[in-house]
Amino acid sequence: MNELELDRYSRQLLLPNFDIQGQLNLAQAKVLVIGLGGLGNIAATYLATSGVGHLTLADGDQLESSNLPRQVLYDESQIGLNKVEAAAKQIALKNSAVKVEVITHKLADASLLKAVEQADVVLDCTDNFTARQAINRACLSLKKPLVSAAAIRWEGQLVSFLYDQQSTPCYECLYPSLSDQQLSCNESGIVAPVVGLLGVYQALEALKLASGCGKVKHGVLRLFDGFEGSWREMRLTQDPECSACAIENSETLEKS
């Protein structure tokens, strides 16, 4: 690390359970952020300013004025731009040392698998269950750590899956078959600081995974009630009927 980096990250380097090695690990890490909306714009910002070396940002949507209350990385002049391109410009202003790769389409099938394979940590910041299930299966198949979050109304949730260490439970054990129409911010609303808080927690989980510092729990669902200002958590168990786990288990048996 040079003098500028030592000065920039000095507050993190002061932490005895982080120090220089944690910062060096961050600088070498590749983090994939899928979805640059309310969750992803916050998570990507904190990861970039904390010193993650390589960020891949994926989103096919354009910025709208109704996004601005929650997606505070952007400004009014960027309305109409693709979110990842707008995010990349803003991140470059905050930390030019971070390498930012942009994917301006929604990841699916082969492109999703390729992006996940190249990452050390994956953040699911999407807003629909179809995408979340596909991301889960890609991470499960490729043994990549996954940090997933969601927020709606006054409520939020966060769960991490350390698929490089454990295969079960998985995201589909929690949500086996939900429609994209069942929960929508467009119809149900969202309080901006709630989604921001969950994005911060995603960044924290990803930072711990990328740096190798701190504890991340596999398959522990954390639920936030912003109206009451309270948290609760529960440990997930494998669903014996989970189709994603069944596929993974069958592939494991074939390899053995």
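**Notes on rings, a helix and some backbone features**

1. Arg132 lies over the face of Phe129, at 5.0 Å from the ring centre. This is a predicted model, and the points below should be read with that in mind. The ring of Phe129 also belongs to a cluster, in which ring pairs link Phe129 with Tyr171 and Tyr175.

2. Both Phe129 and Arg132 are found in helix H7, where they are among the buried residues. The other buried residues listed for this helix are Gln133, Ile135, Asn136, Ala138, Cys139 and Leu140. Helix H7 runs over residues 129–142, and because its 14 residues at 1.5 Å a residue should span 20 Å, the 20 Å found between its end C-alpha atoms agrees with what is expected.

3. What caps the N-terminal end of H7? The cap is Asn128, which places a side-chain oxygen 3.3 Å from the backbone nitrogen of Thr130. Just after the helix, Lys143 takes a positive phi of about 60°, although Lys143 is not a glycine. As a reminder, most residues other than glycine have a negative phi, and most peptide bonds are trans. Lys143 sits in the loop between H7 and strand S5, which covers residues 146–152, and Lys143 counts as partly exposed because its relative accessibility is 31%.

4. The loop between H7 and S5 also holds Pro145. Is Pro145 buried or exposed? With a relative accessible area of 7%, Pro145 is buried, since buried means under 20%. Pro145 and Asp164 are 19 residues apart in sequence, yet their C-alpha atoms are 6.1 Å apart in space.

5. A second positive phi to look at belongs to Asp19, a residue other than glycine, whose phi is near 40°. Asp19 lies in helix H3, and its relative accessibility of 32% means that Asp19 counts as partly exposed. A separate backbone feature is the peptide bond from Thr168 to Pro169, which is cis, with omega near -5°. Pro169 is placed in the loop between strand S6, residues 155–161, and helix H8, residues 171–174.

6. Turning to the aromatic rings in general, a pair of them is described by the distance of the centres and the angle of the planes. How many aromatic pairs does a search of the whole structure find? The search finds six. One of these is formed by Tyr201 and Trp231, with 4.9 Å from centre to centre and 45° between the planes, and this pair is tilted. The pair links distant parts of the chain, as Tyr201 belongs to helix H10 (residues 192–211) and Trp231 to strand S8 (residues 230–235), 30 residues apart. Tyr201 is partly exposed, with a relative accessible area of 28%, and Trp231 is likewise partly exposed, with a relative accessible area of 35%.

7. The last point concerns empty space, and rolling a probe the size of a water molecule over the atoms shows where such space is left. The second largest pocket has a volume of about 230 Å³. Of the 16 residues that line this pocket, the closest to its centre are Glu5, Tyr9, Ala27, Gly51 and Ala97. The elements that give two or more residues to its lining are helix H1 (3–8) and helix H3 (19–28). Helix H3 is also the helix in which Asp19 lies.

Terms used
Residues are numbered from 1 along each chain as its sequence is written. This is a predicted model: local features need pLDDT of at least 70, side-chain atom pairs count only at pLDDT 80 or more; totals for chains, interfaces and linings use all residues. Side-chain values use heavy atoms; hydrogens and water are left out. Rings of Phe, Tyr and Trp (its six-membered ring) pair if their centres lie within 6.5 Å; planes under 30 degrees apart count as stacked, over 60 as edge-to-face and the rest as tilted. Helices (H or I, at least four residues) and strands (E, at least two) are DSSP runs, numbered from the N terminus. Buried means under 20% relative accessible area, exposed over 50%, partly exposed in between (1.4 Å probe, protein chains only). A charge sits over a ring if NZ of Lys or CZ of Arg is within 6 Å of the ring centre and within 35 degrees of the ring normal. The expected span of a helix is 1.5 Å times one less than its number of residues. A polar contact is a pair of N or O atoms within 3.5 Å; within protein, one must be able to donate a hydrogen and the other to accept it, and residues adjacent in sequence count only if both atoms are side-chain atoms. On a 1 Å grid over the protein atoms alone, a cavity is a set of points where a 1.4 Å probe fits but cannot get out, and a pocket is an open set with protein on both sides within 12 Å along at least five of seven lines; lining residues have an atom within 4 Å of a point. Grid points are joined across faces, edges and corners, and a volume is the space filled by probe spheres set on the points.
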